[in-house]
Amino acid sequence: FHKLAVERGVPVVPVITREELPHVPVERYPLFAKPKNLQWGQGVLRIGSKGDEAYTKAMENEDYIIQAKLENMEELQDYFPPDAPLCTARITTFQTRSGPRVLESWIRVGASSQLADQFENGGYTFAVYAESGVVWHGTCMTMMTHGDDPSLEPTQRRALGAAKELTGHKLPRWQEAVQAAQDAHSKLAGDAFTVGWDIVFTKEGVRLLEGNLMSMVALHIGMRYGTMSLLWPDSPLFWVSLSRWLHGKKGGLTYSDKEKKQKLERVRKRLQQDIHKTSKGKAALEAAILKCKNQVAGVADIESGPMNDSEDAAAISAVKAMQIRLVHREGELFGLNKELAAIKGELLNPDAIDLVVT
C-alpha cells in the first residue's frame, strides 16, 4: 500500500523498513507498529527505544508495519481526552460514473492512554458532515451495547475526558482530506466499489494511514436512511452506483436493454410511492407537533426545557421526539428524490447520470 501510494503521488504516512529501523535516531522515538492483517487496534505496539521488547517483536515479525508515532494536531487536542492516541478520520468512498464520492465520514476519538483510536478500545466515533467537515454526534461501544436502546443513533456531543464538545466543530483541512480519499480511490483501488480510508491530520497536511475494503460504519450502529442522506448527500446513490458497477461483471447483473428499462420503471414507481407515503408522514408529524405545542400553556421556546407542570414537561418531551422523527422524514425525502432523479435521468438518457437497476 505504502509503496504504491508513493509511486502514484498519494499522500501517505511514511513507513520504516526493518533495514532502516536500527538506524533511526534516538530523538525519533517512540515509534508505532501494527500487524498487517488485524483490525480494531489489535496487536499494536509502542516502540519506546531501540532494543526494547516491542522493538524486538517488530523486528522479528514481518507481519508488522512500523511507522513514526504521530501526534494529534494542537488545534484539536481540546476536543480529545488527555493522552489520547492518534485520532483518525474514516472517509468511505464509493465508485460512481463521475468518479469516487463520499459514502460516509467519521472522526474517531480514542480513549486516554490507549494506543489505537477505535471504539472497541474505549473510544468514540463521531459522524461528520461530508460537505462541510462539521462534526455531528458521536457514539461509543457502551452506548451501543448497554444503553436502553442500542439501535439509537449517535447522541454524544463530547468524548469522555475532553475539554470541549466536538459536536459543531469544523475539522481542519477537511476538503483536503476528502480530496485525498477520492484521489486514493481512483489511483490505488480503481477496481474496488467502496473503500474506507483512514486519514491523519498533520501540520504539513493530511496523510493516508490505510485503506479498508469493508467499511460501512453507519449500518452497524443503527443510522437511519434520513440521517445518512442529510450527513452524506451522495449516500442515497449507493445502490444506484452499485447496480452500475455490478453490471456485466462475473457473478454480477446481466440484462437486455428492454429488461433494464422495465426494471427502471418498476423502481421509479416504487420510489414515487415511497415519496408520497413519506410526504404524508411528514405532514402528519408537522400537524402533531403544532397541536402539541398549542397544548402547552405559556411555552415560548420549546428548546428551553421542561416547566414545573408535569403535563407541560410531558408535552415538551413528546414534541422533541417528534421533531427528531421529522428530521428523519425530511432526510428520507431528500434521499428518495435524489434516487428518483437518477432513475428519471437514466430513462431519458442512459449516459446522463448514475442509476439503479435492481
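**Exercise 1. Find what share of contacts in the protein chain, between residues at least 6 apart in sequence, joins residues at least 24 apart.**

Start with the term: a contact means heavy atoms within 4.5 Å. Take the contacts between residues at least 6 apart in sequence; 63% of them join residues at least 24 apart. The model is predicted: local features need pLDDT of at least 70, side-chain atom pairs count only at pLDDT 80 or more, and totals for chains, interfaces and linings use all residues. Residues are numbered from 1 along each chain as its sequence is written, and side-chain values use heavy atoms, with hydrogens and water left out.

**Exercise 2. State how much of the protein chain is buried.**

Buried means under 20% relative accessible area (1.4 Å probe, protein chains only). The chain has 358 residues, and 47% of them are buried.

**Exercise 3. Lay out the open sheet of six strands.**

Strands are DSSP runs of E, at least two residues; helices are runs of H or I, at least four; both are numbered from the N terminus. The protein chain has nine helices and 10 strands. Two strands pair if DSSP finds at least two bridges between them. The order is β8-β7-β6-β5-β9-β10, with antiparallel pairing. At the edges lie β8 (135–140) and β10 (205–212), each paired on one side only.

**Exercise 4. Describe how β5 joins β9, then place helix α4 on the sheet.**

Strand β5 (residues 89–94) runs antiparallel to β9 (residues 194–202), joined by six bridges. Ala89 has Ile199 in β9 as its bridge partner. Helix α4 (residues 174–188) packs on the sheet. Helix α4 touches β5, β6 (101–109), β7 (124–128), β9 and β10. Its direction makes about 140 degrees with that of β9. Axes here are lines fitted to C-alpha atoms, for helices over the stretch in contact; angles run from 0 to 180 degrees between N-to-C directions.

Technical notes: Buried < 20%, exposed > 50% of the residue type's maximum accessible area, 1.4 Å probe, protein only.
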